[in-house]
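Here are a few short exercises, each with a worked solution. Please try each task with the structure open before you read on.

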Amino acid sequence: MFINNQKLKKANELLDNVLGYSLDKYQRIAILNNDLRCLIIAGAGSGKTLTIIGKIMYLVKILNIKEEDILTISFTAETVKSLIEKLKSINFLNVDVMTFHKLGLNIIRTFNKSIKISNENILKYSVYEYLENLIFQDFYSFNQMCKYLKIYGPYKLKIKKYKRIYQTQKNQISTLFIRFISLYKSNNYSNFNLKKLSKKEKSFFYIALKILKIYENENLANNSIDFNDMLNKASNYVLKFGIKKNYKYIIIDEFQDTSFSRYNLIKSIVDKLNCHLICVGDDYQAIYGFTGCNLDIFINFEKYFGSYKTYYIPMTYRNSQELINVAGNFISQNKMQIKKELKSLKKIDKPIVIVFYKNIKNDFNKLLDKVAKKYNDILILGRNNNDIFDVIDKENKFCKFNLQYNGKNIRYLTIHKSKGLESEVVIIINLTNSILGFPSKVKDNKILSLVLNNKEDILNEERRLFYVALTRSKTKVFLFVPYKNYSIFIKELLKDYLKYIEVIKF
């Protein structure tokens with residue numbers, strides 16, 4: 001449903017200047033609809049934030065929607081702060097902008113004004129306290145834990161074996177329980193079909209629920225709530241009592257990273273208010289499946305929200321056409337992706353440079369010298385936090401992950417932390433074919449599959465992560481690669497996209 005010609009003219013005049021930019025035709029089409037449910041698929045570097053700001057301007061200035069009747073949700077405190085500052089710069093002061101968790105907490109505080117945010121260490125403490133001490137107070141629970149760890153023998157001998165195994169694998173075992181409980185809550189599981197679980201899974205699940213009960217009692221005693229329950233309990237409150245705010249439009253940013261708990265909260269609100277729902281995101285950049293985010297909610301939007309319209313924003317203002325040709329074809333190897341054709345007016349003949357090295361630290365310095373002579377803004381990306389220390393010494397100033405190198409700005413980030421950012425040039429490191437390389441071959445414990453909605457192969461998300469890394473660059477991407485045993489992603493690039501690649505050998 002679109003507006004009449006007179007309002008359309010005013011709307012287009014309005015969208016000629018959104019934070020100093022004139023929006024393109026795809027952004028305008030996405031903004032000028034008034035569908036009850038719509039999904040806006042915005043490619044990397046396509047001006048997603050401008051589109052959201054433009055949508056809010058259109059609602060207020062053209063459709064005369066009150067600012068306080070608009071809720072905008074983003075995923076991090078940083079992106080929320082950025083959106084608020086941008087809205088303030090155009091004198092929009094009363095639009096609600098918050099994270100999912102802040103929204104949940106606000107709803108809960110309408111019923112319990114004094115409730116506090118739980119200390120994240122309480123869950124860790126509950127796990128450690130139970131596995132180290134309390135488990136010995138319950139004969140049945142201890143035997144269940146022994147079954148899970150495959151500890152057999154007389155009771156006293158099992159205690160000795162358990163203590164020895166737990167002390168040597170304390171971090172691994174405790175972390176598994178912490179992740180399981182967090183994902184269990186994140187996906188809002190209230191029951192399991194225990195008949196489908198193996199004996200080992202039942203034993204683990206029994207212990208996890210024991211710890212969960214201790215953890216929840218601790219929060220109850222402190223009148224505190226954790227981040228998962230900010231969503232779960234808020235959803236329950238809305239279903240039972242409704243919501244005080246009478247939102248007419250809800251806009252969600254980075255929708256590809258929605259978990260089932262986030263979905264439940266939004267679904268409960270839009271059903272109660274029958275308000276408009278505008279979801280903006282890019283399934284190509286869904287990289288948080290390991291935290292419980294469920295790409296199916298984005299891919300199969302209708303299954304979760306009913307009839308809707310899809311709008312594409314395919315123009316990228318960051319990457320060259322040649323780079324997105326490679327990145328787009330590369331990500332399309334995943335079956336669970338929405339096919340789309342991104343476009344750019346920027347042309348760079350060979351935007352990808354593969355740099356083969358023999359001596360990792362010496363050759364990295366050579367590369368850095370080469371890049372710093374031509375570019376001012378340099379972003380180094382790694383798969384893991386400590387990847388940077390493979391290429392520089394720990395005592396180097398790079399320990400602070402930010403360096404002025406010959407007067408040039410150089411940053412180091414993991415790829416996960418780089419999402420939403422851009423740089424003049426990007427260098428990607430740790431492109432080795434190893435367990436901790438890129439793609440990572442670290443597999444989750446099978447027990448976590450019980451609480452993970454995402455049943456994809458681990459390589460699919462690694463492929464999306466590589467896509468995110470490639471598309472941070474405004475100009476060229478330098479891939480720092482060993483001569484031997486290099487990443488399967490590099491092999492694929494060399495095999496299928498050689499015409500877009502420059503090769504340098506040190």
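**Exercise 1. Place C293 in the fold and decide whether it is buried or exposed.**

Solution. This is a predicted model, so local features are taken only where pLDDT is at least 70. Start with the neighbouring elements: C293 sits in the loop that links β7 (276-281) to α13 (296-299). Next comes the accessibility. The relative accessible area of C293 is 7%, and the cut-off for buried is under 20%, so C293 is buried. Finally, look along the chain and across space: F255 lies 38 residues from C293 in sequence, while their C-alpha atoms are 9.9 Å apart.

**Exercise 2. Describe the overall build of the protein: how many helices and strands are there, and how does the radius of gyration relate to the globule rule?**

Solution. Begin by counting elements: there are 20 helices and 15 strands. The radius of gyration is 25 Å and the globule rule gives 23 Å for 506 residues; these are close, so the protein is as compact as a globular protein of that length. Along the principal axes, the C-alpha atoms fill a box of roughly 80 × 65 × 40 Å. Now turn to the interior: 56% of the 506 residues are buried. As a last step, take the contacts with a separation of 6 or more; 82% of them join residues 24 or more positions apart.

**Exercise 3. Find out how covered helix α15 is, and which elements its buried residues pack against.**

Solution. Helix α15 spans residues 321-331, and 9 of its 11 residues are buried, which makes the helix mostly covered. The buried residues include Q321 and E322 as well as L323, I324 and V326. Their packing partners are two strands, β9 (352-357) and β14 (473-482), and two helices, α19 (458-470) and α20 (488-496).

Take α19 as the partner to examine. The axes of α15 and α19 come within 9 Å and cross at roughly 170 degrees. That angle is over 145 degrees, so α15 and α19 are roughly antiparallel. On the α15 side, the contact uses L323, A327, G328, F330 and I331, which meet R463, R464, F466, Y467 and L470 of α19. By class, this contact has 7 nonpolar, 1 polar and 2 charged residues.

**Exercise 4. Work out which orientation the pair α11 and α12 has, and which the pair α7 and α8 has.**

Solution. The approach is a familiar one: two packed helices are described by the angle between their axes and the distance between the axes.

Step one is α11 (residues 227-241) with α12 (residues 260-273). Their axes are 8 Å apart at an angle of about 20 degrees. Angles under 35 degrees count as roughly parallel, so α11 and α12 are roughly parallel to each other. The crossing of α11 past α12 is left-handed. Among the residues that meet are L231, A234 and V238 in α11 and L265, I269 and K272 in α12. This contact has 6 nonpolar, 5 polar and 2 charged residues.

Step two is α7 (residues 139-149) with α8 (residues 155-168). Here the axes come within 11 Å and cross at roughly 60 degrees. The two helices are therefore oblique to each other. α7 passes α8 in a left-handed crossing. F139, F142, N143, M145, C146 and L149 in α7 meet Y155, K158, I159, Y162 and I165 in α8. The residues of this contact divide into 9 nonpolar, 1 polar and 1 charged.

Technical notes:
Residues are numbered from 1 along each chain as its sequence is written. This is a predicted model: local features need pLDDT of at least 70, side-chain atom pairs count only at pLDDT 80 or more; totals for chains, interfaces and linings use all residues. Side-chain values use heavy atoms; hydrogens and water are left out. Axes are lines fitted to C-alpha atoms, for helices over the stretch in contact, and angles run from 0 to 180 degrees between N-to-C directions. Helices (H or I, at least four residues) and strands (E, at least two) are DSSP runs, numbered from the N terminus. Angles under 35 degrees count as roughly parallel, over 145 as roughly antiparallel, 65 to 115 as roughly perpendicular and the rest as oblique. A crossing is left-handed if the near helix is turned anticlockwise from the far one by less than a right angle, and right-handed if clockwise. Contact means heavy atoms within 4.5 Å. Ala, Val, Leu, Ile, Met, Phe, Trp, Tyr, Cys and Pro count as nonpolar, Asp, Glu, Lys and Arg as charged, and the others, Gly among them, as polar. The radius of gyration is taken over C-alpha atoms; the globule rule is 2.2 Å times the number of residues to the power 0.38. Buried means under 20% relative accessible area, exposed over 50%, partly exposed in between (1.4 Å probe, protein chains only).
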